[in-house]
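Student: I would like to go through this model with you. Can we take it in short questions?

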Amino acid sequence: MDDNTDSRRIPTVRLKPKAEARAIRHGFPWVYADELVTDRRTQGLAPGTLAVLEDGERRPLGLVTVNPKSKIIARMLDRDPEAVVDEDWFRARLARALALRERLFDAPFYRLVHAEADGLPGVVIDRFGAVAVVQPNAAWAEAHLPALVAALVAVTGVATVVKNGQGRARGLEGLAEEMAVVHGPAPEGPVAVAMNGATYMADVMGGQKTGLFFDQRPNQSFAARLARGGRVLDVFSHVGGFALAALAGGAEGALAVDASAAALDLAKAGAGASGMGDRFATRQGDAFEVLEALGAEGARFDLVICDPPAFAPAKPALEAGLRAYERIARLAAPLVAPGGYLVLCSCSHAADLQAFRNASARGIGRGGRRGQIIHTGFAGPDHPVLPQLAESSYLKALAFRLDG
């Protein structure tokens with residue numbers, strides 16, 4: 001047994017007397033730096049160290065992972081302070097996560113683990129059939145990656161596990177960026193994913209995040225119902241997210257816009273594999289510039305979708321992010337044909353639904369249009385939300401029917 005997983009040897013950390021232990025007992029998974037006694041011993045703990053968390057009266061609250069360099073200094077791993085984090089522990093967490101996904105989906109293409117909401121803080125696992133992509137975005141997960149991967153293979157039977165060690169979160173944890181195949185043979189190319197009646201191509205080794213965004217699946221399905229017989233514009237399309245679903249739903253044609261030529265090539269491949277290549281077109285470029293150009297050209301679409309990256313990933317960026325969402329709506333609204341539909345999305349943690357809705361409505365108004373909200377969407381059920389943690393609910397999608 002590793003020393004750092006032995007509950008008899010691991011250190012203890014303690015909440016300050018005035019810290020609110022009740023929130024932790026009721027399921028809140030984080031401890032902030034100003035809530036913990038940070039003496040020299042605690043400050044000296046290596047990022048990712050496991051420790052027993054106690055309240056101000058030295059009563060144990062559970063097993064946590066500690067990172068003295070982070071504002072979130074401790075994250076709850078197990079309510080049992082005697083828990084041992086080993087392969088069996090990971091197997092139990094993964095089996096519970098898998099049971100939910102197998103009930104929800106007929107095919108093994110989904111987010112298998114959604115970090116805190118699935119009891120694995122900082123860990124994201126997306127499954128693409130026989131391939132799983134793991135993002136160990138926290139120091140504790142990096143340290144226990146061999147046990148996690150062994151448990152993942154045992155529970156799911158996947159043949160290949162890819163470690164995607166890239167992104168902002170790892171930098172905050174002091175972790176280096178790394179892409180590697182950590183189990184099985186490397187994928188020979190993009191993985192074909194059947195979703196919403198279309199075939200998507202996921203580049204699990206070189207694409208954005210894990211190669212495909214499963215979170216928008218239900219919103220893409222809804223948008224496809226609005227697309228029947230119409231002309232569709234999908235901005236920030238990535239590998240064809242909304243566009244391919246719209247074509248599968250009966251759209252007359254779709255134009256996908258993205259800054260990445262590689263992503264659009266995958267979108268074209270997906271359209272071809274779906275038998276819809278003749279109705280699919282792409283336009284590479286900066287989304288704001290393309291929206292302005294399409295407006296100048298007098299282009300009109302029956303359905304316009306804008307699904308940008310996180311403009312407000314954290315609170316300091318909130319005001320600038322909301323201005324960006326407003327600008328997107330202002331540029332997109334005039335492109336919608338009379339009586340057509342506009343779908344606006346945000347994956348920003350810091351921008352809550354009301355703030356995003358208000359920014360979108362202002363932008364539509366500044367674009368000379370008015371509209372009614374006909375649908376509010378969120379991430380799919382393979383992206384569960386921890387009720388105590390607002391940050392686990394990040395995706396918002398608003399569908400507007402604009403005036404005639």
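Student: Are tryptophan 89 and tryptophan 140 buried or exposed?
Tutor: Take the cut-offs: buried is under 20% relative accessible area, exposed is over 50%, and partly exposed lies in between, with a 1.4 Å probe and protein chains only. This is a predicted model, where local features need pLDDT of at least 70, side-chain atom pairs count only at pLDDT 80 or more, and totals for chains, interfaces and linings use all residues. Residues are numbered from 1 along each chain as its sequence is written, and side-chain values use heavy atoms, leaving out hydrogens and water. For tryptophan 89 and tryptophan 140 alike, the class is buried.

Student: How many aromatic pairs are there?
Tutor: Rings of Phe, Tyr and Trp (its six-membered ring) pair if their centres lie within 6.5 Å. Planes under 30 degrees apart count as stacked, over 60 as edge-to-face, and the rest as tilted. By this rule the number of aromatic pairs is 12.

Student: What kind of pair do tryptophan 89 and tryptophan 140 form?
Tutor: Their centres are 6.2 Å apart, and the planes make an angle of 85°. The pair is edge-to-face.

Student: How many residues apart in sequence are the parts that this pair ties together?
Tutor: Helices (H or I, at least four residues) and strands (E, at least two) are DSSP runs numbered from the N terminus. Tryptophan 89 lies in helix H3 (residues 87-104) and tryptophan 140 in helix H4 (residues 139-143). The separation is therefore 51 residues.

Student: Which kind of pair do phenylalanine 236 and phenylalanine 311 make?
Tutor: The ring centres are 6.4 Å apart. The planes stand at 75°, so the pair is edge-to-face.

Student: Which residues do ring pairs link into a cluster with Phe236?
Tutor: Phe236 itself is buried, at 16% relative accessibility. Its phi is positive, about 60°, although it is not a glycine. Its place is the loop between S13 and H8. The cluster partners of Phe236 are Phe288, Phe311, Tyr325 and Phe356.

Student: Where does alanine 115 lie?
Tutor: Its phi is positive too, near 50°, in a residue other than glycine. Alanine 115 is buried, with a relative accessible area of 14%. Its place is the loop between strand S6 (109-114) and strand S7 (123-128).

Student: Which helix gives the most to the largest nonpolar core?
Tutor: A nonpolar core is a set of buried Ala, Val, Leu, Ile, Met, Phe, Trp, Tyr and Cys residues joined through side-chain atoms within 4.5 Å. The largest has 42 residues, of which Phe128, Val193, Tyr200, Leu212 and Phe280 touch the most other members. Six core residues come from one helix, H8 (residues 241-248).

Student: Why is H8 described as largely enclosed by the rest of the structure?
Tutor: Its buried residues include Phe242, Leu244 and Leu247. The description holds because the buried count in H8 is seven of eight residues.

Student: What order do the strands of the open five-stranded sheet have?
Tutor: Two strands pair if DSSP finds at least two bridges between them. Strand S1 (12-14) and strand S2 (30-32) each have a single partner strand, so they stand at the edges. The pairing is mixed, and the order is S1-S3-S4-S5-S2.

Student: Which residue in S4 stands opposite valine 52?
Tutor: Strand S3 (residues 49-54) and strand S4 (residues 60-66) run antiparallel, joined by six bridges. Opposite valine 52 stands leucine 63.
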